[in-house]
Amino acid sequence: ALTRSAARTDSHAYQPHRGTAALRQAWAHSYQQIHQVSLDPETEILPLLGSKEGIFHLHQALIDPGDVVIVPDPGYITYSRGALFAGGQPVSLPLMAENDYLPDFSLITKHSLSRTKILWLNYPNNPTAATASREFFERAVDFAQQHGILLCHDAAYARVTFNGKPAPSLLEIPGAKKVAVEFNTVSKSHNMAGWRSAVIAGNPQAIQAFFTLKTNQ
């Protein structure tokens, strides 16, 4: 199937910044089918050249010098590097075994909270392999709403599970799209790392800011 697709002149070429309408609709269909999440392909979905591109560049679109970005520790280094490159300040939030490798939001100091723009989550987690429940995601959405923070969920491993049942999406939580975006990719779910195909989905304002940056690179 990959070989046949690569031979098609209508599918292998430079793509528009927003990807094709068919690709956005396919991501929307996937979220509806797997997570029962309804997404608008025009405003709530933006294809990416791999999730790493999106994770790094989202900081450049949203972070001003001095803004705080809360990053899980241990965690993917691009969360911190993207924040630093934008002039932001990454602040580590430890993932401890005694808390099932879930972050304890009460550990974020008031000083950091006042300057926090982004809080990163990553479940199923790399490198701990911890998973997060809907109840945890509900608490995270409530926390973001209370403090005006954008939740960014790196869900690259959402379909890599032991029982074949996908892990929950942050976007399943009512109200999540008001305060959150989620990154998803076929690199892990379909063993297509070299094809660099991913998506950012959720909050339309954050996606529009990202799109503005993307079109001016």
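## Pairing of β6 and β7

In this predicted model, strand β6 (residues 180-185) and strand β7 (residues 198-202) pair in the antiparallel sense, and the pairing extends over five bridges. Within this arrangement E182 has A201 of β7 as its bridge partner.

Strand β6 is mostly covered, with six of its six residues counted as buried. The side chains divide between two directions: A180, E182 and N184 point one way from β6, while V181, F183 and T185 point the other way, and all of these residues are buried.

## From β6 to β5 and β4

On the pairing with β5, strand β6 runs parallel, and four bridges join the two strands. Here H153 has E182 as its bridge partner in β6, and E182 is also the residue whose bridge partner in β7 is A201. The bridges listed for E182 thus concern both β5 and β7.

Strand β5 (residues 150-154) is largely enclosed by the rest of the structure, because five of its five residues are buried. Both of its faces are covered, with L150, C152 and D154 buried on one side and L151 and H153 buried on the other. Strand β5 is also joined to strand β4 (residues 116-121), again by four bridges and with the strands running parallel; in that pairing, I118 stands opposite L150 of β5.

## Helix α4 and its cover

Which residues of helix α4 (residues 77-85) are buried? They are T78, Y79, S80, G82 and A83. The elements that cover these buried residues include α3 (51-62), β2 (68-73), β3 (89-94), β4 and β5, so that the strands β4 and β5, described above as a parallel pair, appear again as part of the cover of this helix. After α4 comes G87, whose phi is positive, near 90 degrees.

T78 lies in helix α4 and counts as buried because its relative accessibility is 4%, which is under the 20% limit used for that class. When residues up to four places away in sequence are set aside, T78 touches K52, I55, F56 and H59. In an α-helix there are 3.6 residues a turn, so residues three or four places apart point the same way.

## An exposed position in α2

Is Q33 buried or exposed? Q33, which is found in helix α2 (residues 21-35), counts as exposed because its relative accessibility is 55%, and the class requires a value over 50%. Between Q33 and A144 there are 111 positions in sequence, and their C-alpha atoms are 27 Å apart in space.

## The protein as a whole

The protein contains eight helices and seven strands. Its radius of gyration is 17 Å, which agrees with the value near 17 Å that a compact globule of 217 residues would have. Along the principal axes, the C-alpha trace spans about 55 × 40 × 30 Å. Among contacts with a separation of 6 or more, 65% are between residues 24 or more positions apart.

Of the 217 residues, 45% count as buried. The exposed area of the protein is about 11100 Å², of which carbon and sulfur atoms supply 54%. As for charge, the protein has 18 positive and 17 negative charges, and the mean positions of the two sets are 6 Å apart.

Key
Residues are numbered from 1 along each chain as its sequence is written. This is a predicted model: local features need pLDDT of at least 70, side-chain atom pairs count only at pLDDT 80 or more; totals for chains, interfaces and linings use all residues. Side-chain values use heavy atoms; hydrogens and water are left out. The radius of gyration is taken over C-alpha atoms; the globule rule is 2.2 Å times the number of residues to the power 0.38. Buried means under 20% relative accessible area, exposed over 50%, partly exposed in between (1.4 Å probe, protein chains only). Contact means heavy atoms within 4.5 Å. Accessible areas come from the Shrake-Rupley method with a 1.4 Å probe; for residues, only the protein chains shown count as cover. Lys and Arg count as positive and Asp and Glu as negative; His and the chain ends are not counted. The place of a charge is taken as NZ of Lys, CZ of Arg, CG of Asp or CD of Glu. Two strands pair if DSSP finds at least two bridges between them.
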